[in-house]
Amino acid sequence: MAIITALSAKGSPGVTTAVVALANLWPRPVVVADLDPIGGDLGYRTRDVSGRALDEGLGLVSLGAAIRSGSASKLDDHLQQTADGLT
């Protein structure tokens, strides 16, 4: 498994756009995590496979809560598929 990170010390330099473009071209399944400490916009810019907004209750926060409570079974339970094929 490869882990690729993209970050910037400055706001809005296009990191999210570059990561989404890279993920769309990646030849294997990809998980994109928007870890902006101020609040990422990936969840607001993308839709799920049925065209609805992504569920704000699923993601790193739900994964972290599940781990703390001892009920975390697998990462897939906290991922969302987007309309453009990203997870």
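**Chatting through a three-helix model**

Colleague: Hi! How many positive and negative side chains does the chain have, and how far apart do the centres of the two sets lie?

Modeller: Hello! There are 7 positive and 9 negative side chains in the chain, and the centres of the two sets lie 3 Å apart. Keep in mind that this is a predicted model.

Colleague: Okay, and how many salt bridges turn up in the whole structure?

Modeller: A search of the whole structure finds one. The side chains of D48 and R52 form a salt bridge, with 3.9 Å from N to O.

Colleague: Why would two side chains pair like that?

Modeller: As a general point, side chains of opposite charge can pair when their charged atoms come close.

Colleague: Are those two residues buried or exposed?

Modeller: One of each! D48 has a relative accessible area of 14%, so it counts as buried, the limit being under 20%. R52 is exposed, with a relative accessible area of 56%.

Colleague: Nice. Let's zoom out: what helices and strands does the chain have?

Modeller: The chain has three helices and zero strands. Going along the sequence, the pattern reads α-α-α.

Colleague: And what box do the C-alpha atoms fill?

Modeller: Along the principal axes, the C-alpha atoms fill a box of roughly 35 × 30 × 30 Å.

Colleague: What share of the chain is buried?

Modeller: Of the 87 residues in the chain, 18% are buried. As for the outside, the chain exposes about 6,600 Å², and carbon and sulfur atoms supply 59% of that area.

Colleague: Which residues make up the largest nonpolar core?

Modeller: There are five of them: V20, A23, V32, L42 and L86.

Colleague: Why do residues like that gather?

Modeller: In soluble globular proteins, nonpolar side chains tend to be buried together.

Colleague: Can we pick one out? What is L42 in contact with?

Modeller: If we leave aside the neighbours within four places in sequence, L42 is in contact with T16, V20, V32, D34 and L54. Two of these, V20 and V32, are also listed with L42 in the largest nonpolar core.

Colleague: How about contacts across the whole chain, what part joins residues at least 24 apart?

Modeller: Looking at contacts between residues at least 6 apart in sequence, 46% join residues at least 24 apart.

Colleague: Switching to helix α3, which of its residues are buried?

Modeller: Helix α3 covers residues 60-69, and its buried residues are S62, L63, G64 and A66. Then comes G70, which has a positive phi, near 80 degrees.

Colleague: Where does A72 sit?

Modeller: A72 is in the segment after α3. With 36% relative accessibility, A72 is partly exposed.

Colleague: What does A72 touch?

Modeller: Not counting neighbours within four places in sequence, A72 is in contact with A66 and I67. The C-alpha atoms of A72 and S62 are separated by 9.3 Å, and these two residues are ten apart along the chain.

Colleague: Last topic, the start of the chain. Where are L7 and K10 found?

Modeller: L7 lies in the segment before α1, a helix that covers 15-25. K10 is found in the segment before α1 too.

Colleague: Buried or exposed, those two?

Modeller: L7 is exposed at 74% relative accessibility, and K10 is exposed at 63%.

Colleague: How far are they from other parts of the chain?

Modeller: L7 and S62 are 23 Å apart, C-alpha to C-alpha, with their places 55 residues apart in sequence. For K10 and G40, 30 residues apart along the chain, the C-alpha atoms are separated by 13 Å.

Technical notes:
Residues are numbered from 1 along each chain as its sequence is written. This is a predicted model: local features need pLDDT of at least 70, side-chain atom pairs count only at pLDDT 80 or more; totals for chains, interfaces and linings use all residues. Side-chain values use heavy atoms; hydrogens and water are left out. Buried means under 20% relative accessible area, exposed over 50%, partly exposed in between (1.4 Å probe, protein chains only). Helices (H or I, at least four residues) and strands (E, at least two) are DSSP runs, numbered from the N terminus. A nonpolar core is a set of buried Ala, Val, Leu, Ile, Met, Phe, Trp, Tyr and Cys residues joined through side-chain atoms within 4.5 Å. Contact means heavy atoms within 4.5 Å. Accessible areas come from the Shrake-Rupley method with a 1.4 Å probe; for residues, only the protein chains shown count as cover. Lys and Arg count as positive and Asp and Glu as negative; His and the chain ends are not counted. The place of a charge is taken as NZ of Lys, CZ of Arg, CG of Asp or CD of Glu. A salt bridge is a side-chain nitrogen of Lys or Arg within 4 Å of a carboxyl oxygen of Asp or Glu.
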